[in-house]
Amino acid sequence: MIHPFISGNKWRKLKYILLEADHLGKKHLVTFGGAYSNHLIATACAAARFGFKSTGIVRGEEVQNDILMLCKLFGMELRFTDRSSYRDKLLLFSELFGDDPETMFIDEGGAGELAVKGCAELITELSEEAYDHIFCAAGTGTTAAGITHGIGEGSLVATAHIVPVLKGGEYLTDVIKKYTPHQFEMHTDYHFGGYAKTSPELLDFVHSLCRSTGILIEPVYTGKMFFALFDLASRGRFAPGSKILAVHTGGLTGLLGMSSKFNQAATF
Ligand SMILES: *Cc1c(COP(=O)(O)O)cnc(C)c1O
């Protein structure tokens with residue numbers, strides 16, 4: 001609802017990073033992502049919107065797809081990088097841009113303290129405080145850390161529920177604890193095999209939620225989060241009458257390039 005391309009949590013993650021870039025007199029934003037990264041599109045669009053030049057360093061061999069096409073439409077210059085050099089992002093950045101004072105390094109997914117601060121605002125903007133449970137999907141865990149922090153610092157009694165979309169999401173517990181001292185609950189069994197992996201059951205669930213509510217979700221993040229929420233509810237995890245807030249983190253451009261997956265789903 002925030003913006004079609006600087007969507008959902010990506011807007012909140014970029015807000016203070018862009019203010020910092022402006023404050024430091026930066027003219028050029030450089031960031032990182034996979035070939036289907038919602039963060040790359042968001043950064044490309046935000047750069048265009050707020051008058052920065054942008055470069056996206058893309059993991060893996062050169063490819064073309066709808067997401068990267070949108071990045072290029074927003075004026076982002078793309079540089080494809082093999083997977084081993086991609087690992088050391090700071091090194092890659094310094095090789096390409098040296099210490100150019102006008103160029104700003106933005107970590108993959110915009111992860112970092114400034115992004116946590118932006119995501120915590122999501123909680124302070126809630127018009128209603130009486131939630132018992134607040135759910136969100138986690139990739140880097142930055143958004144989850146912000147939400148957890150926002151709940152803990154405010155007057156809310158809600159429990160933060162975090163659904164990692166990657167396999168082995170247990171490690172996010174430590175990542176989140178670095179950003180906030182507040183409590184949260186992790187649900188690590190809803191990754192469906194790993195990042196961007198799906199199953200017929202997940203695709204059917206996504207289809208069913210979209211067609212029964214008119215709310216569009218996608219299988220990479222919000223689909224897994226809603227699946228977890230419904231599954232936990234069916235197991236009696238929530239007391240009757242509980243008020244639950246599910247945070248739709250956006251990312252609907254992730255649906256681009258997924259038509260063949262959906263065409264294999266039973267209900268589609
Ligand atoms: C990027 C993204 C996330 C993950 O956010 P993190 O802060 O990296 O955990 C969740 N949902 C959607 C739709 C996203 O695009």
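A polar contact here is a pair of N or O atoms within 3.5 Å. The model is predicted, and this report covers the surroundings of its ligand.

**Polar contacts**

K13 meets that cut-off: one of its polar side-chain atoms lies 2.7 Å from an oxygen atom of the ligand. K10 also places a polar side-chain atom 2.7 Å from a ligand oxygen. T249 contributes through an N or O atom of its side chain, 2.7 Å from a nitrogen atom of the ligand.

| Residue | Ligand atom | Distance |
|---|---|---|
| K10 | oxygen | 2.7 Å |
| K13 | oxygen | 2.7 Å |
| T249 | nitrogen | 2.7 Å |

On its own, the ligand has 390 Å² of accessible area, and the protein covers 97% of this.

**Pocket and shell**

The ligand takes up the space of the largest pocket. Two elements each give two or more residues to the shell: α1 (9–23) and α7 (142–153). Of the elements, α1 gives the most, with three residues.

In total, 14 residues surround the ligand. The closest are K10, G139, T140, T143 and T249. By class, the shell holds 10 polar residues, two nonpolar and two charged.

Both domains take part. Domain 1 (9–110) supplies at least three shell residues, and domain 2 (118–264) likewise supplies at least three.

Definitions and conventions:
Residues are numbered from 1 along each chain as its sequence is written. This is a predicted model: local features need pLDDT of at least 70, side-chain atom pairs count only at pLDDT 80 or more; totals for chains, interfaces and linings use all residues. Side-chain values use heavy atoms; hydrogens and water are left out. A residue is near a molecule or strand if one of its heavy atoms lies within 4 Å of it. A polar contact is a pair of N or O atoms within 3.5 Å; within protein, one must be able to donate a hydrogen and the other to accept it, and residues adjacent in sequence count only if both atoms are side-chain atoms. Accessible areas come from the Shrake-Rupley method with a 1.4 Å probe; for residues, only the protein chains shown count as cover. On a 1 Å grid over the protein atoms alone, a cavity is a set of points where a 1.4 Å probe fits but cannot get out, and a pocket is an open set with protein on both sides within 12 Å along at least five of seven lines; lining residues have an atom within 4 Å of a point. A molecule sits in a cavity or pocket if more than half of its atoms lie within 2 Å of its grid points. Helices (H or I, at least four residues) and strands (E, at least two) are DSSP runs, numbered from the N terminus. Ala, Val, Leu, Ile, Met, Phe, Trp, Tyr, Cys and Pro count as nonpolar, Asp, Glu, Lys and Arg as charged, and the others, Gly among them, as polar. Domain bounds come from an automatic or database domain assignment.
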